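User: Could you walk me through this model, one piece at a time? I would like to see the reasoning behind each answer.

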Amino acid sequence: MKEYQKIKGTQDFFGEDALKIRYVEKVASNLITCFGFQEIQTPIFENTEVFIKNVGEESDVVSKEMYTFKDKSDRSITLRPEGTASVARAYLENKMYANNLPLTKLFYFGPMFRYERPQTGRYRQFHQFGVEVYGESSPMLDCDIILSAYSIFSKLGIKNILLKINSIGNIESRKNYSKALRSYFSNNIDNMCEDCRRRINTNPMRILDCKVDKDNPILKNAPNIHDYLTDESKQYFDKVLSYLDQFSIPYEVDYNLVRGLDYYTDTVFEFIIQSDDELNGLAMGGGGKYADMIQLMSDKDIPGIGYAFGVERIIAIMNKQNIWHDLSYKVDAVIIGLDELSKLSGFHLAQELRMHDLNIEMDYNHTTMKQQFKLCDKLNPKYIIIIGEEERKSGIYQIKDTQTKQQVGVKKEEILSYLKNNK
Ligand code: HAM
């Protein structure tokens, strides 16, 4: 028989691994709600144009990593490689800007798809938790956004995260900088990869983010964005840093940080994992400000800022730092029925208790004590409820506490409160 296997770069999550994903989602979404964010869920696929227009044609994500296909009506569809472009599309399409609030603050959680070379912390389907804010441009907001990510990491108990931050300037700064890069790289064209040679004309800043040329000294000696920032962008960035200082958020200004997506302006940042294994240096999350993306898609001049983090990477570092709470699956009670009628009574009791948030298991087929205790051994419940002919007649069921080994008779109608009170 043929054995089917999952697609390269994807994962099955079950048992504790599935619980870990839910746990990270819960901690992050609970905390971000305190920062004023509300959830948005967008489709997993969009018209390809949404990503090309916003993430940028020359970015690796769009040019090399997208899962793009034609649907049966010959439309070009793409599985979302990230959330920002989809959320911006939804923000505009649903006219959320008309809600009279100064800011629209949205968060999302879900799978993203990138055709990348699978390796530690890099998958073809992975989960992101992300946030986007529309409506205001302010260094204080930039700091608040970074603070929210930082707070999520500390709520999860994660240590040794380095915040790298940079400013890539506003559009005017970027124009001047692109000009300088174009002339610098044109003089060094012989030593560059094919993609980068093309990018000299199409989008020279993308060269700084090239994975092929990343150790090429030509990149290291390239002009620095900070020499091209306008006074406005410089002052903006200084203010962001001064707010970070006030909250004692440790950071490193990294002039080479340009991020791999085209929509950013001014503040960009990444949270880098520091670890003594292969996770070291990987970005746990990243983001930045994007003043012009909404204008690219509409006639609205509305600035945005956001970030996303990779949930698999969070889980990997939490595994490494051994900081999980006990997530194991806990059964409140297993119900044992010693004959067919008793099993049926147990079945009804199980349904009632489950409706009151108790986790109840039962054996469907067996009626002997020995066989049903096998299930108890496997599930390790807090209680075992035993029903036989005598219990059915008296209406008093036997409840055994598996830790103390004590067994008591409890009236059928009082079992719910007994279990709840002794949970
Ligand atoms: P990004 O840096 O492309 O930014 O991705 C954010 C995070 O997603 C990364 O730091 C990493 O943790 C995780 N990630 C990315 N690719 C993979 C992969 N192949 N396997 C596992 N994890 C991965 C964005 O996606 C932007 N949309 C963030 C943003 C939101 N900027 C503004 N708003």
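Here are a few questions and answers on strands, helices and cores.

Analyst: Happy to help! This is a predicted model, in which local features need pLDDT of at least 70, side-chain atom pairs count only at pLDDT 80 or more, and totals for chains, interfaces and linings use all residues. Residues are numbered from 1 along each chain as its sequence is written, and side-chain values use heavy atoms, with hydrogens and water left out.

User: Is strand β5 (residues 104–113) largely enclosed or not, and how many of its residues are buried?

Analyst: Strands here are DSSP runs of E with at least two residues, helices are runs of H or I with at least four, and both are numbered from the N terminus. Buried means under 20% relative accessible area, exposed over 50%, and partly exposed in between, with a 1.4 Å probe and protein chains only. Strand β5 is largely enclosed by the rest of the structure, because the number of its residues that are buried is 10 of the 10.

User: Which residue of strand β6 (residues 125–134) stands opposite F109?

Analyst: Two strands pair if DSSP finds at least two bridges between them. β5 and β6 pair in the antiparallel sense over 10 bridges. In β6, the residue opposite F109 is F129.

User: Which residues have the most contacts inside the largest nonpolar core?

Analyst: A nonpolar core is a set of buried Ala, Val, Leu, Ile, Met, Phe, Trp, Tyr and Cys residues joined through side-chain atoms within 4.5 Å. The largest one has 52 residues, and helix α5 (residues 139–156) gives the most to it, with nine. Inside this core, the most contacts belong to F129 and I158.

User: How are α2 and α4 oriented to each other?

Analyst: Axes are lines fitted to C-alpha atoms, for helices over the stretch in contact, and angles run from 0 to 180 degrees between N-to-C directions. The axes of α2 (residues 48–55) and α4 (residues 84–93) come within 9 Å and cross at roughly 105°. Angles under 35 degrees count as roughly parallel, over 145 as roughly antiparallel, 65 to 115 as roughly perpendicular and the rest as oblique. The two helices, α2 and α4, are therefore roughly perpendicular.

User: In what order do the three strands of the open sheet run?

Analyst: The edge strands are β2 (45–47) and β3 (67–70), each pairing on one side only. β3 pairs with β4 (residues 76–79) in the antiparallel sense over four bridges, and F69 stands opposite I77 in β4. The order is β2-β4-β3.
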